[in-house]
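This report goes through a model part by part. Keep the structure in view while reading.

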Amino acid sequence: MLAMNYRGPYRIRADYNMPYPEILHPRDAIIRVTRSCICGSDLHLYHGLVPDTRVGTTFGHEFTGIVEEVGPDVHNLKKGDHVLVPFNIACGGCPFCKQELFGNCHESNPEATAVGGIFGYSHTAGGYDGGQAEYVRVPYADIGPVVIPADMDADDAVLLTDVVPTGYQAAEMAGIKKGDTVVVFGAGPIGIMAARCAWLFGAGRVIVIDHIEYRLEFARHYAPCEAYNFRSLEDPVLFIKKTTGYFGADVCIDAVGCEAAGSAMQTITGRKLMLQAGSATALHWAINSVKKGGIVSIVGVYGPTGNLIPIGNVVNKGITIRANQASVKRLLPRLIEHVQAGRINPRELVSHKVPLEEVSDAYHIFSSKLDNCIKTILVPPSAR
Amino acid sequence: MENMSEEYAHINGWGVDADPENEPTYPMKKYTGDDHRRLNYERPQLQPETVEVLHSNERPGVSAVFGTSVPPSGLSGIVRRYSFKYSEGSFGHWIPLLLADRINVVEGIIDDFKRGHIPNILAEKGWKAEWKYNRSGAVKKILVAAAVTTALVLWLSRKKKKSLI
Ligand SMILES: NC(=O)c1ccc[n+]([C@@H]2O[C@H](COP(=O)([O-])OP(=O)(O)OC[C@H]3O[C@@H](n4cnc5c(N)ncnc54)[C@H](O)[C@@H]3O)[C@@H](O)[C@H]2O)c1
Ligand SMILES: [Zn+2]
Ligand SMILES: [Zn+2]
């Protein structure tokens, strides 16, 4: 079948000779993919930053598709159902799943205990092939996949597998109180969605920081919010202090993660020399920009080894840090309501819709932020 | 509070999910007390281990399901197996894995040739898109590459002459 094939950092190709997936467990399903996205998280793999990313694997954790085949223990789905599949692989019965921490399942990733299983996200996240393919194996299909409501657009649905829940959970974890000033670092799909959702929790002022002008412009209208380019702010932390009357933001959200720009020291030690698990510039700024007793919510992804952040300031300022992989399944019912009610319009984020065959170019465009790219959907031949 | 919703009336959905109870950890986790039973829960049926699966030494065995993509093999596989002797908190785990990933790239190229496939590395890197949307950048990269290659060739040929004398 046709699928994306990882060959090494910055090198991927569309490969027609990839093996078809098979049912390997009674709770598996095989799904014929109709949409799959490229995510900022995929860039960490694409850039070779995630340990145990093996050559020959297929990425892709945000996808929708038609159920082709189900294992004997899957009773909630039938052949032909059009489903959206949360990016987390979750068993539903371990202590973590039972407590709705579906991003932290203990029965989906043998390779690491610090992260649950994720589709197409290296062996450090379980060694699953992902959805940037014609077909994909979905384990625990009795738990994760949700039938797409008849009135929902497929482009909206595919963004409910990660972008919307992650942006929403970023705002939710921030514990926003009515009237709070919320600063979001990163104007990628996740940051833009976090800014949009901050209003749903009653934010009083929403500020987004990035350095890519077209994304700031988009965020400004979409969220809607104030948006600033950190390249033109001499010191983003000082800027936030000043604009909050020297108090600090009530909450800060890190929607950038381990490939942050903006500090030569972080970039060299984190991304060039790999002495730390990527560059932690945005998190550094978030900790220093938040008020005393404030909350820093992290959804940006970092590697497993460790990062240079001012933990002393976390202690001295009494900051609460809240972070996780989004618990997609927990949030879906509410988020489907929000999309149906028009409070969130996910598909407006989609800037590129590309045939799966052109996956190499699509990654390059998203990675290098060419052609005003915000979010890319790959469409396999059978769904066009 | 009430006049606030008027102030933000232009934002569709403002405050609909505001929750004064949302304080650290709530509602991320629905506490059930299951944590204290540790790993004594009813496990799902176990997926048969049809391929070699490495597992973190911070857990007693493999998870009930797992991916079967690209089992460890070759030199990179040896390094990966070695790395799993160390826990997730150790550089001894992650640094060898990154090393294995780089070795794996070379193995991938050899493998391509063995199958009679010559990898088109420029296409894999998305050069068509670079040429279309970032032509000046592409030209710059080509010029830099050409300059570096020329310098390298000159330097190597100079060295050769010397050794001939
Ligand atoms: N926790 C989760 O469940 C989850 C889910 C999805 C994505 N993520 C992570 O969220 C992050 C963002 O994802 P995305 O898809 O929006 O990626 P993206 O690459 O499209 O966006 C990241 C943005 O951050 C900007 N940026 C870089 N340095 C910055 C800085 N110092 N300050 C402010 N902005 C900066 C970039 O210009 C870019 O626009 C990634 O790390 C991704 O892995 C986490
Ligand atoms: Zn994603
Ligand atoms: Zn579980």
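## Two buried cysteines and a zinc ion

The model described here is predicted. A:Cys97 and A:Cys105 are both buried. Both residues also belong to a metal site: the zinc ion (ligand 3) has as its protein donors the SG atoms of A:Cys91, A:Cys94, A:Cys97 and A:Cys105. These donors lie 2.3 to 2.4 Å from the zinc ion (ligand 3).

Along the chain, the donors of the zinc ion (ligand 3) follow the spacing C-x2-C-x2-C-x7-C. The arrangement around this ion is tetrahedral because the angles subtended by the four donor atoms are 101 to 117°, and four donors count as tetrahedral if all angles lie between 85 and 135 degrees. For reference, the ideal angle for four tetrahedral donors is 109.5 degrees.

## The other zinc site

The zinc ion (ligand 2) has a mixed set of protein donors: A:Cys39 (SG), A:His61 (NE2), A:Glu62 (OE) and A:Asp162 (OD). They lie 1.9 to 2.3 Å from the ion. The site of the zinc ion (ligand 2) is tetrahedral, with angles of 94 to 135° among its four donor atoms. The spacing of these donors along the chain is C-x21-H-E-x99-D.

One pair in this site, A:Cys39 and A:Glu62, links distant parts of the chain, 23 residues apart. A:Cys39 sits in the loop between strand E3 (29-38) and helix H1 (40-46) of chain A. A:Glu62 sits in the loop between H1 and strand E4 (63-70) of chain A. A:Cys39 counts as buried because its relative accessibility is 3%, and A:Glu62 counts as buried because its value is 0%; the cut-off for buried is under 20%.

## Domains of chain A

How does the domain assignment divide chain A? Domain 1 takes in 3-162 + 327-383, and domain 2 takes in 164-323. Their C-alpha centres lie 26 Å apart. In the contact between them, 32 residues of domain 1 of chain A meet 23 residues of domain 2 of chain A.

The size of an interface is often given as the accessible area lost when the parts come together. Domain 1 of chain A and domain 2 of chain A bury about 2400 Å² between them, and 67% of this is on carbon and sulfur atoms. On the side of domain 1 of chain A, A:Leu49, A:Leu349 and A:Ile374 supply 23% of the area buried against domain 2 of chain A, more than any other three residues.

A UniProt record (unreviewed entry) lists residues 26-144 of chain A as "domain: Alcohol dehydrogenase-like N-terminal". Over residues 26-144, the chain is 9% helix and 25% strand. The end C-alpha atoms of this stretch are 15 Å apart.

## A covered helix

Is helix H4 (residues 163-173) of chain A mostly covered or mostly uncovered? Helix H4 is mostly covered, with eleven of its eleven residues buried. Among them are A:Val163, A:Pro165, A:Tyr168, A:Glu172 and A:Met173. A:Gly175 follows H4(A) and has a positive phi, near 55°.

## Backbone details in chain A

Two residues other than glycine also have a positive phi. A:Asp52, which is not a glycine, has a phi of about 70°. A:Asp52 lies in the loop between H1 and E4 of chain A, and is buried, with a relative accessible area of 0%. A:Met274 has a phi near 55°. A:Met274 is in the loop between helix H8 (264-272) and helix H9 (281-289) of chain A, and counts as partly exposed at 28% relative accessibility.

Another backbone feature is a cis peptide bond, from A:Ala223 to A:Pro224, with omega near -15°. A:Pro224 lies in the loop between helix H6 (213-222) and strand E12 (226-229) of chain A.

## Chain B

The domain assignment of chain B gives domain 1 (20-118) and domain 2 (120-165). The centres of domain 1 of chain B and domain 2 of chain B, taken over C-alpha atoms, are separated by 38 Å.

B:Asp112 lies in helix H3 (residues 91-114) of chain B. Which residues does B:Asp112 touch, not counting those up to four places away in sequence? B:Asp112 touches A:Arg7 and A:Arg13, together with B:His117 and B:Pro119. B:Asp112 counts as buried because its relative accessibility is 3%.

Definitions and conventions: Residues are numbered from 1 along each chain as its sequence is written. Chains are lettered from A and ligands numbered from 1 in the order in which they are written. This is a predicted model: local features need pLDDT of at least 70, side-chain atom pairs count only at pLDDT 80 or more; totals for chains, interfaces and linings use all residues. Side-chain values use heavy atoms; hydrogens and water are left out. Donors are N, O and S atoms within 2.8 Å of the metal (3.2 Å for Na, K and Ca); water is not among the atoms, so sites may look incomplete. Four donors count as tetrahedral if all angles lie between 85 and 135 degrees; four count as square planar and six as octahedral if opposite donors are over 155 degrees apart and all others between 65 and 115; anything else is irregular. Buried means under 20% relative accessible area, exposed over 50%, partly exposed in between (1.4 Å probe, protein chains only). Helices (H or I, at least four residues) and strands (E, at least two) are DSSP runs, numbered from the N terminus. Contact means heavy atoms within 4.5 Å. UniProt positions are given in the numbering used here, feature names are shortened, and annotations may be inferred rather than shown by experiment. Domain bounds come from an automatic or database domain assignment. Buried area is the accessible area (1.4 Å probe) that two parts lose on being put together, summed over both.
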